[in-house]
Amino acid sequence: MKRKAIVGLVCATCLCGCATGSGEFENRLSRIERQNSTMEKQLMTSESRLQEQLDINDQLMKTSAQLHATVDELRTNIQNLTGRVEEAEHSVQSDDHSMSDSEQEITGKLNRVDEIARSNKDRIAAVEQYLDFEVTPPSQTSTAGTAATSGQPSKDYVYSDAELYASGKQALDSGQYEIARQKFKELISRYPKSDNADNAQFWIGEIYYREKSYAEAIMEYQKVIENYPDGNKVPASLLKQGLSFFNLKDQTNARFFLQEVINKYPTSNEAKIARDKLKTF
C-alpha cells in the first residue's frame, strides 16, 4: 500500500513539473516575439531616417548645382549688359549737339541698364560668398594666360608664386582638377612662405571635396588649420571638414566641426552656413 502511495506521489510531481516547464517556455517565447517586434519597428524607423537623410543630400546637391548655374547665367548677363552700356555711351557721346528727345531716352535706358548691371554684380557676389568661391584677380589671370600662351617656356624659367596660383585657380575653375592640384602643390613646395600658400592648400582640399574624396579632403583642410593658423581660410576649412564628415554619414564629427566654426568665428559667413546646416540634423 505504501508503494502505491509513493508511486502516485512521484507521478503527480512529474506532471506538475511538466506543466510548469511548458508555461515557462511559452512565457519565454512570448517575450522573444515581443522583442522581435520591437526590433523590427526600430529597424523600420532607422531605414526611414536614413532615406530622409539621403533625400536631404540629394536636395543639397541639386541646390548647389542650381546656384552654380545661376552664377554662370548672371555673369553672361553682365557681359551682355556691359556691351549694351558701352554701345549706348558711344551713341550718346558721338553727337555734340544739344540732347534731343531720343537722346534723352537713350540716356534713360543707359541708366537703367547700368543699375541692372550693378544689381547683377551684387547678386553674383552674394552667391559666390555663399558657395565660398574665390574670383581670380584679372591681373593674375592675364599674367598666367600670357605665360601659358606665349609658347613653351625655357628650361631655366621659374614660375612665380602668383603665376602658379593664378594658373592653378584657372584650371580649377575650368574643371581641370589634376592640373590645378599639381600647380597648387608646386606653389606650396617652391614658395612655402607665399601669401598664396594657405589659399593653395585650401583649394587642394576643395578639389578632393569636389571629387567626393571626403576623407582626403578632411586631411588637406587640416593642413590649412595647422600650417596657416592665422590665414583667412581657417574658418572655411573647419566648415568644409564638418560638411565632409556629414557626407561620410559621421554626424558626431560633423556636428563638432560645424559647432567649432560657430564658436570661433560667430560673425563669419561660414558660421551662418554652419548654423543652417545644423538645423538639418
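Here are a few exercises on the helices and salt bridges of this structure, each with a worked solution.

The model is predicted, so local features need pLDDT of at least 70 and side-chain atom pairs count only at pLDDT 80 or more, while totals for chains, interfaces and linings use all residues. Residues are numbered from 1 along each chain as its sequence is written, and side-chain values use heavy atoms, with hydrogens and water left out.

**Exercise 1. Get to know the chain.**
Find how many helices and strands the chain has, and what share of its residues is buried.

*Solution.*
- Start with the helices (H or I, at least four residues) and strands (E, at least two), which are DSSP runs numbered from the N terminus.
- The count comes to 10 helices and 0 strands, giving the pattern α-α-α-α-α-α-α-α-α-α along the sequence.
- Next, burial: buried means under 20% relative accessible area, exposed over 50%, and partly exposed in between (1.4 Å probe, protein chains only). Of the 281 residues, 31% are buried.
- Now the surface, computed by the Shrake-Rupley method with a 1.4 Å probe, where only the protein chains shown count as cover for residues. The chain's accessible surface is about 18,500 Å², and 53% of that belongs to carbon and sulfur atoms.
- Last, contacts (heavy atoms within 4.5 Å): of those with a separation of 6 or more, 55% are between residues 24 or more positions apart.

**Exercise 2. Look around helix α5.**
Work out which residues of α5 are buried, and where they sit around its axis.

*Solution.*
- Check the length. α5 has 14 residues and spans 20 Å from first C-alpha to last, close to the 20 Å expected at 1.5 Å a residue; the expected span is 1.5 Å times one less than the number of residues.
- Pick out the buried residues of α5: Ala180, Arg181, Phe184, Leu187 and Ile188.
- They cover an arc of only 125° around the axis, so they lie on the same side of α5. The arc is taken from the directions that run from the helix axis to the C-beta atoms.
- Turn to the other side of α5, and you meet Gln182 and Ser189, which are exposed.
- Finally, see what the buried residues pack against: α4 (161-173) and α6 (197-210).

**Exercise 3. Follow a salt bridge in α5.**
Find the salt bridge partner of Arg181, and say whether Arg181 is buried or exposed.

*Solution.*
- A salt bridge is a side-chain nitrogen of Lys or Arg within 4 Å of a carboxyl oxygen of Asp or Glu.
- Arg181 pairs with Glu178, at 2.7 Å from N to O.
- Both belong to helix α5 (residues 177-190), 3 residues apart, or about one turn of the helix.
- Arg181 is buried at 6% relative accessible area, whereas Glu178 is partly exposed at 43%.
- There's a wider link, too: a network of salt bridges joins Glu178, Arg181 and Glu211.

**Exercise 4. Try two other pairs.**
How far apart are the closest N and O atoms of Glu220 and Lys223, and of Asp276 and Lys272?

*Solution.*
- For the salt bridge between Glu220 and Lys223, the distance is 3.5 Å. These two are 3 residues apart in helix α7 (residues 214-227), about one helical turn.
- Glu220 is buried at 12%, but Lys223 is partly exposed at 35%.
- For Asp276 and Lys272, the distance is 3.3 Å. Both lie in helix α10 (residues 269-278), 4 residues apart, about one turn.
- Asp276 is partly exposed at 31%, and Lys272 is partly exposed at 43%.
- The whole structure holds 9 salt bridges.
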